[in-house]
Amino acid sequence: MNVNVYQWVVPLIALFYVVRLVNQYKVKKRLIKGTIFWFVFWVSISILAIIPDKITVGLANVLGFKDNVNAIIFVGVFFQFLFLYYLSNTVERLERKVTELVRKIAIEQSLAEEEKKELLESDFD
């Protein structure tokens, strides 16, 4: 079996990012959901680099593609759209939360200003 350079380099890069990921999780810079996602991603990339033909040909057969490269491209594009969908939902949710928070702060400031005016007016009476 011939071993190409990328079959050594990609798992080493993945190992670096997995260690970094675990360290970030330990210091509470990452949530468990994101940590699991990226861990699975880097392990999958490593496995794909180590045994590319076996996985890509199997994937092509399962998905019904004649060529393993087309199967990889299809799966990659699928996951990119899935990730884009997840990110857009997250951004929309955060926008809604920020809007609610800004409204709440504005109402509280407005009420505080009204109370301040009432106190000043009552002092003059």
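Student: Which residues make the nonpolar surface patch of about 740 Å²?

Tutor: Happy to start there! Patch residues have over 30% relative accessible area and no salt bridge; nonpolar side chains (Val, Leu, Ile, Met, Phe, Trp, Tyr) are joined within 5 Å and like charges within 9 Å. Accessible areas come from the Shrake-Rupley method with a 1.4 Å probe, and for residues only the protein chains shown count as cover, while a salt bridge is a side-chain nitrogen of Lys or Arg within 4 Å of a carboxyl oxygen of Asp or Glu. The nonpolar patch is made by Y25, I32, I36, F39, V40, V43, I47, I50 and I51.

Student: What kind of model is this, and from which number are residues counted along each chain?

Tutor: This is a predicted model, in which local features need pLDDT of at least 70, side-chain atom pairs count only at pLDDT 80 or more, and totals for chains, interfaces and linings use all residues. Side-chain values use heavy atoms, with hydrogens and water left out, and residues along each chain, as its sequence is written, are numbered from 1.

Student: Which helix gives the largest share of the nonpolar patch?

Tutor: Helices (H or I, at least four residues) and strands (E, at least two) are DSSP runs, numbered from the N terminus. Y25, a member of the patch, is found in helix α1, residues 6-26. The largest share, seven residues, comes from residues 32-50, that is, helix α2.

Student: Is Y25 buried, partly exposed or exposed?

Tutor: Buried means under 20% relative accessible area, exposed means over 50%, and partly exposed lies in between (1.4 Å probe, protein chains only). Y25 has 36% relative accessibility, so Y25 counts as partly exposed.

Student: Which residue has a positive phi although it is not a glycine?

Tutor: Most residues other than glycine have a negative phi. This residue has a phi of about 65°. Look in the loop between α1 and α2 for an exposed residue with a relative accessible area of 73%: K28.

Student: How many aromatic pairs does the structure hold?

Tutor: Rings of Phe, Tyr and Trp (its six-membered ring) pair if their centres lie within 6.5 Å; planes under 30 degrees apart count as stacked, over 60 as edge-to-face and the rest as tilted. By that rule, the number of aromatic pairs is nine.

Student: What angle lies between the planes of F16 and Y17, and what angle between those of F37 and W38?

Tutor: Both are edge-to-face pairs at 5.0 Å centre to centre. Y17 is partly exposed at 31%, as are F37 at 41% and W38 at 27%. The planes of F16 and Y17 are at 75°, and those of F37 and W38 are at 80°.

Student: Which residues form the aromatic cluster?

Tutor: The two pairs we just met, F16 with Y17 and F37 with W38, are a good place to begin. They belong to one cluster, formed by F16, Y17, F37, W38, F41, W42 and F83.

Student: Which residues gather in the patch of positive charge?

Tutor: Lys and Arg count as positive and Asp and Glu as negative, without His or the chain ends; each charge is placed at NZ of Lys, CZ of Arg, CG of Asp or CD of Glu. Helix α4 gives the most to this patch, with three residues. R93, in helix α4, is partly exposed at 38%. The patch gathers K33, R93, R96 and K97.

Student: And which residues gather in the patch of negative charge?

Tutor: E113 is in helix α4, residues 68-124, and E118 is found in α4 too. E113 is exposed at 51%, and E118 is exposed with 51% relative accessibility. The patch gathers E113, E114, E115, E118 and E121.

Student: How far apart in space are E118 and G64?

Tutor: In sequence, E118 and G64 are 54 residues apart. From C-alpha to C-alpha, their separation in space is 75 Å.
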